[in-house]
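Hi everyone, thanks for making time this morning. I'd like to walk you through a structure I've been looking at, so please have it open in front of you.

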Amino acid sequence: MNLKKTRIVFFVAVCSSLFSCGLPDTAFSIENNDDDTSATLFVEVAASAGLSFTHHNGNHGTYNFPEINGAGGALLDFDNDGDLDVYLVQSGHLPGTGTADNMLPRAANALYRNMLVPSGELIFEDVTAMTGTGNTGYGIGVATGDYDNDGDVDMYVMNVGDNIFYRNDDGVFTDVTDHTGTSIGVWSASGSFADYDQDGDLDLFVANYVDWQADAETPCQNNAGQRDYCAPVNYPALSDHLFRNNGDGTFTDVSKLAGISALSGPGLGVTAADFNADNQIDFYVANDQQANFLWLNRGDGVFVENGLRSGSAYNSRGVAEASMGVTAGDFDGDGDEDLFMTHLSSESNTLYINDGTGNFVDGTETANLGASSMRFTGFGSAWIDYDNDSLLDLFVANGSHMIVAERRNVSDFPYGQSNQLFRNIGGGRFTDMSNNAGPAMSAIEISRGAAFGDIDNDGDVDILVTNNNGPVRLLLNESGHTKHWLRLRLGGTRSPRDAQGARVAVFGRNNSTLWKRVHTDGSYASASDARVLFGLGADAPSDMGVQVQWPSGHTETFGQLQIDREHYLQEGTGSPGPLQNR
Amino acid sequence: MAYNTTQHHSNYVSIMALVALLSITSGCGSGTDDVVLPEPPALVLEGFDTDVATQIDKTYEQWKANPRAPETNGNLAMLLHAHQQYSWATVYYQRARQLASGEFRWAYLHGLVLIQLGEREAAIAALCQALELTPNYMPARVKLAMLLIDSGQFAEGQSLYEQLLKEWPDLPQALYGLGRLKLQQGQDSGIALLERATYGAAPYGAAHYALAEAYRSIGNSTQADMQFELFRRRRNQEPLLGDPFLETVKDMNESKLGLINRGQRLLGQGKIRNAIEQFERALDKDSSAAGTHSVLISAYGMLGEYDQAEAHYRKGLAIDPDPVRLHNNFGVLRLKQQKHADAAQAFRAAIAADPDYVDAYINLGAALESSGKGSEAIKYYRKALEHDSAHRAAGFHLGNAYMRMNNPYRAAEQYQRILEPQDRSTPEYLQALAAAYLGMWKYAEAEAALENAIEIAEKTARTDLLSKLKGSLERVQSKRQSLTTESP
């Protein structure tokens, strides 16, 4: 018997060999690998920039399960003015859970307009009322996408209870939940817009969590017999929903037809990508304390769950971890989508490395991502190249799910932890930068959602972090723009207008290639910038070749694009167009 | 798992050599001479279970009376460890280690807490120190080997696993750990090691998973699928390591969860009366724990105390919104009492509560067979297989039912379906298949099946079956020979 696959232990060697064959370290000049120096990599500016939002979870000592989960947020350019605005999901008092039911006003979600364009200043103004986006459900998550192909981004808001679909018409939103046929009255957490049937419009996958009822809540205790929040296994898990876009402003619930409703799982995160390289959009669902789902698209409207056999449902020890947030990206530069997901303390976060065919190996330990996450409960996360060195790094929003002993003395809601930043140092390995990244990364809070995008348009990725029962944070990247970058906004014609699902390749020297996917999904309960931002290192050529694999199926080359700026690439034109033409 | 606490000279020498090597590479054994003790954290016990808080308070007072005694620090650390207050426990263990650097248990238990906290290098150092003091403590060696490999110290981890296997050739955790390492290194001998890990008496889900991934990686999808299926069935099961030091810690947990966990462990050890005591105490803390009533039905049933068992069934029914296991366990109780009609009724109730609960179909089949209703029993075994076509116990029961109805052809069909993947049950299935062949007058096939059964029984250490299988084989061979001799 001859083992063909030796990837786990020799991963470092394999990756080194790959990179030397032309991937990032030569092509995009990673000359600065020192991680010992302390620097302020991010600064926190939410309040000073006018983001005054504070999340309330409604806790009043009765430990109702939704309170511990928190809510997310979105970075989206709702007014098409060229900068990212901020949408924040509020929870508030949980109906049916006690005496405050009739005393508290219903807290609302909030939309903040970014005044960067045209003022040049990163200042936000609350436009919730004028845009009609202040839903008052017990909010959890938000997904974004231009479902009606009219050129502006729409939102699907997920609640414990009725979800809301907001259609954007020139910056004013209308509740079209009933009209679209996307009403779900259960606890939904994360959503993903993707054109799974390749008909040119965005369909919607909704990851649902558990069947929680206020009147059926049971008291739970931790191992010290202390009252604490229950685990998800105490509640029946729900199946997820898949809505097919009919192209006329309505959707059809195809959950049963597509096979999605056949399985139940406490879903918290979802991301869409072609995991097995068959040119079909698949869905990966991060389930909490149950096996994760990898829904492979057969191409005929039916999905087959292949998590177990793909090696991505359980970690390498066969443990179904408590997956919260999930992100897919090509961290090792081999052209396929690798998965990273966040978990409870006492479990590590987990890296599943794709072999290009949709089979995965757990590469957490060899990547040095295991031990450093054991003390933390992670939620929102994404592959980001925060230092623009062309390698995908990781940010993880942390906050405990159970009482943190050290926090009992200092907080009424003692669940706080610090967030983490892991730098990709090449060769498939990461180093924990959290202690060297400045005070913004070391704040002790109960972080949950995280959305990612270049909010100040300076060429590096910034991070919106939502805190459970606490203020929102905006982490501005202070270092990435010192290296070269390329930001691309894509516009579909045969593909969905916002081009979600498109794969973009940037060609460096020596035939090296960086791949990214247009998407807003992933993380936890949050939605990110649909633009793709490539870090190119300190020594990139002045222009770079770009190719797009559109969701419609065809591949298009856009020639050499000048770096350190944003370009608009419209399907079928073969050359960049004016940024206003969206 | 029994382990040897005496020090064999050769192993002692090799373990000490490894520990010495680790001292150089990992700082093993360092950090214990520091005379400055870490500052103890204040223990805020507000909200803790009253019994737990009282227990910790009492030990805390003992510590306050003598804060530089290793015993008071260590005892408090163990209690905090038992209640998963790791960030507090680590400080008191550290103090105990510094105050009594020759004491194995403080170093070892501290290592376990450091693992929980993700402080891998410190955990390696603590376990190394523990093994310097007690080189042959098997659970410490297993955990250190695992940690070393997770930390990228492959040669040292491999050496530890190999030493363990010299002393305990069938130790599943060592077979599993070394098997995974070999596969990661591209050595196909890893597959054989993992197979041996799955052949142990106790189911080992993680080993099936690793084996499935190994088969997948070499393109053997049939074997991979079988192992994935076995993993699916056994994924939460693993062999016990047998760790008296850790068990002493766990036994200190007086919370409801601690009591239930202790009860489960005692039940697994066959200490039923002691287990019942723990479960009843857990119910005293929280009478709404329906699952505990369900376990108590079985436990009292094992002791033949049927009234007590039935009382818990009634109590459980009053509070459990999802009583499928209550009904099922009560059915098993009635079966044990040979009240077959009542048993069948309970199993039917379980099926009504959860039509996908396969065990209830099999149990209902058994109850019906016991009532002489073989045909109806077959219907329910078949239903079990409809819900889970790969359910081997259902296939085995169905085969047996056909045999009892003198239909060896149908029985053989069922037995053949459950022969793969091979595990400790396979020799029994082959034995049954041989019996079916005999019923069909197929002596050669019966002989082959028994030979195969013996081979697998030897491979999977089924010594309990071997003599019986060999006896059966001799009888079949003898009969076959006589038939050959008699033929013209």
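I'll start with the interface between the two chains, then move to a sheet in chain A, and finish with one asparagine.

Before anything else, please keep in mind that this is a predicted model.

So, the interface. How many residues of chain B are in contact with chain A? The count is 43 on the chain B side, and they touch 39 residues of chain A. Together the two chains bury about 3,900 Å² between them, and carbon and sulfur atoms give 52% of that area. If you want to find the chain B residues that lose the most area to chain A, look at B:Q184, B:Y209 and B:R216. Those three together make up 15% of what the chain B side buries.

Now for the polar side of things. There are 4 salt bridges across the interface. Here is a pair to click on: A:R317 and B:D150, whose side chains meet in a salt bridge at 3.2 Å, N to O. Polar contacts link 15 residue pairs between chain B and chain A, counting pairs with both residues at pLDDT 80 or more.

Which elements of chain B supply two or more residues to this surface? They are α4, α5, α7, α9, α11, α12 and α14 of chain B. Of these, α11(B) gives the most, with 5 residues. As for residue character, the chain B side divides into 17 nonpolar, 14 polar and 12 charged.

Let's leave the interface and turn to chain A. Here 4 strands form an open sheet with mixed pairing, in the order β34-β31-β37-β38. The edge strands are β34, residues 532-537, and β38, residues 576-577, and each pairs on one side only. Strand β31, residues 484-491, runs antiparallel to β34(A), with 5 bridges joining the two. To see the register, take A:W485: its bridge partner in β34(A) is A:G535.

Last stop: A:N114, in strand β4 of chain A, which covers residues 110-114. Is A:N114 buried or exposed? Its relative accessible area is 0%, and because the cut-off for buried is under 20%, A:N114 counts as buried. The side chain of A:N114 reaches the backbone nitrogen of A:L116 at 2.9 Å. Beyond its neighbours within four places in sequence, A:N114 is in contact with several residues, among them A:D81, A:D83, A:E121, A:F124 and A:I455.

That's my tour, and I'm happy to go back to any part of it.

Definitions and conventions. Residues numbered from 1 in each chain as written. Chains lettered and ligands numbered in written order. Predicted model: local features only at pLDDT ≥ 70, side-chain atom pairs only at ≥ 80, totals over all residues. Heavy atoms only, no water. Contact = heavy atoms within 4.5 Å. Buried area = accessible area lost by both parts, 1.4 Å probe. Polar contact = N/O pair within 3.5 Å; in protein donor to acceptor, adjacent residues only side chain to side chain. Nonpolar A, V, L, I, M, F, W, Y, C, P; charged D, E, K, R; others polar. Pairing = 2+ DSSP bridges. Buried < 20%, exposed > 50% of the residue type's maximum accessible area, 1.4 Å probe, protein only.
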